[in-house]
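Colleague: I have not looked at this one before, so could you walk me through it?
Modeller: Gladly; let us put it on the screen and begin.

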Amino acid sequence: MSNMGNNMEHNTAKKRRAIELGKDLLILLLCCSALLLAIRGQLFSSAPRLFGGQDSRQTGTAEPAVGVQADAACPLRLAVNLTGANGETARLGLQDDAACQALFQQLAAPLAEALSAADAPEQISRQQWEQALSAAPGVVLDFQSPMPLPVLVHWLAGEDAGLTAQTRRLALYVQGDGLALCWRDESSGDYFRARAQGVNTRALTDALSGLAPNGAQFAFENPDYDRLDPDTLILPQTTSMPVYSVSDPMGDGRDSLETLMGYLNISADASNFYSAGSEQVARSESDSLRLSQSGFAIYEAGEARSGRFPVPVRGDQTTLADGVEACRRLAAATAGLQCGQARLYLSGITQGEDSLEVCFDYSLSGAPVQLSSGHAARFWVSQGQIVKFELSFRSYAKQESTAALLPPRQAAAALAAEHPGHELLLVYGDTGSDAVSADWAAAGITAQKEG
């Protein structure tokens with residue numbers, strides 16, 4: 001009996017220990033679960049909420065992740081001026097997106113510092129402009145379309161700028177104990193220089209060290225290209241360019257429209273749907289959203305102006321930089337989210353008295369894409385909100401094949417014969433087919449391929 005009692009007490013003790021251990025494990029699991037929920041809550045609360053929600057309507061779209069805005073400022077082409085062994089300038093020209101973005105990540109900091117510290121600009125001559133384009137060590141940034149300097153500073157440094165010009169090309173180079181900036185004002189055609197004295201030059205020289213020239217030239221440096229726009233950058237390696245397959249990432253039908261509404265945080269449950277010819281249409285409050293079978297979308301705010309896509313207002317007005325940035329975020333969260341291996345770049349700005357029109361286009365391998373439907377994304381801003389936009393959804397994937405190009409000298413001769421003084425450009429023409437290849441163009445005129 002004594003042994004039986006001892007065994008019962010032992011078994012009871014084991015059960016109690018097992019119960020206590022189970023309680024401990026349950027408490028541990030609950031603590032881990034609470035910790036995980038807290039971490040997730042912090043992550044979601046700090047993640048950028050692009051559209052919708054009370055916070056978005058009050059303060060505009062949330063700040064993007066670090067580096068997103070600087071990436072938006074990346075030019076389509078770079079010309080790096082290096083000092084050769086004989087003291088003469090040697091140049092590296094870059095157009096490929098990956099190579100430009102990798103180098104621009106190192107250039108963004110010294111460029112932002114120079115723009116922020118720049119003195120009042122002074123007008124310079126055409127000859128001084130050409131000297132700036134060749135100054136070493138230095139770099140020339142080609143944005144393809146006019147870039148407002150306030151937008152550039154905002155994207156790079158998140159602050160306002162005293163410089164107000166719009167420029168297609170911007171030269172940054174070492175001068176004395178600081179840096180110098182030169183640009184052509186696209187509105188007037190005049191050239192300007194601003195000095196940033198005392199700025200540390202090492203970040204720029206370090207970014208350019210170790211690079212090797214590839215023989216790139218500006219047209220004004222070579223008499224063979226004297227019938228082109230003198231600032232045309234001639235890249236020696238452009239004998240072929242990748243071919244890209246193209247698809248419509250949205251498809252058609254109501255499901256695709258609801259997918260787009262999800263990107264825009266427009267409630268499908270609170271919307272009315274109907275078909276209008278080849279378009280699917282959704283109406284939410286007084287706003288409308290249309291999506292065609294070709295992936296072309298149009299949003300229009302109704303007369304009630306719901307304020308669905310606000311733009312920050314400082315004082316009693318919206319700054320150019322804030323307006324463009326609000327449009328960029330909307331473009332990135334829609335067309336940019338679905339464009340595959342293409343990249344969106346700022347391609348046009350039109351300012352009115354109380355309005356702003358902002359355009360973005362696709363680029364492939366550093367070459368602009370010309371869409372038959374217009375722009376990749378086009379926005380209209382008025383009274384502190386985006387009141388209308390158009391989106392052309394296209395998705396691009398690089399293929400193993402390449403398309404042969406006319407040598408630059410022959411292409412320049414062919415185009416300059418009919419259109420002297422124009423810039424020689426590589427472009428991808430997208431007319432809606434399932435593949436695109438690059439070709440030379442000037443002022444919208446495409447050169448014929450050899451053979």
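**Strand 21 and its partners**

Modeller: This is a predicted model, and a good place to start is strand 21 (residues 425–430), where five of the six residues are buried, so the strand is largely enclosed by the rest of the structure.
Colleague: Which strand does strand 21 pair with in the parallel sense?
Modeller: That is strand 17 (residues 367–371), which is joined to strand 21 over three bridges, with Leu371 standing opposite Asp430.
Colleague: And how many bridges does strand 21 share with strand 23?
Modeller: Four, and here the pairing with strand 23 (residues 438–442) is antiparallel; Leu426 of strand 21 stands opposite Trp440 in strand 23.
Colleague: Changing topic, what is the strand order in the open sheet of seven strands?
Modeller: The order is 2-1-4-5-6-7-3, with antiparallel pairing, and the edges are strand 2 (89–94) and strand 3 (122–124), each of which pairs on one side only. Neighbouring strands of this sheet are turned by 25° against each other on average, direction ignored.
Colleague: What joins strand 3 to strand 7?
Modeller: Three bridges do, with strand 7 (residues 191–196) running antiparallel to strand 3, and the bridge partner of Ile124 in strand 7 is Tyr191.
Colleague: Arg193 is in strand 7 too; is Arg193 buried or exposed?
Modeller: Arg193 counts as buried because its relative accessible area is 13%, and the cut-off is under 20%. Leaving aside neighbours within four places in sequence, its contacts include Glu122, Ile124, Tyr173 and Leu181.
Colleague: Which helix lies across strands 4, 5 and 6?
Modeller: Helix 6 (residues 149–157) does, running at about 115° to strand 4 (138–148).

Notes
Residues are numbered from 1 along each chain as its sequence is written. This is a predicted model: local features need pLDDT of at least 70, side-chain atom pairs count only at pLDDT 80 or more; totals for chains, interfaces and linings use all residues. Side-chain values use heavy atoms; hydrogens and water are left out. Two strands pair if DSSP finds at least two bridges between them. Helices (H or I, at least four residues) and strands (E, at least two) are DSSP runs, numbered from the N terminus. Axes are lines fitted to C-alpha atoms, for helices over the stretch in contact, and angles run from 0 to 180 degrees between N-to-C directions. Contact means heavy atoms within 4.5 Å. Buried means under 20% relative accessible area, exposed over 50%, partly exposed in between (1.4 Å probe, protein chains only).
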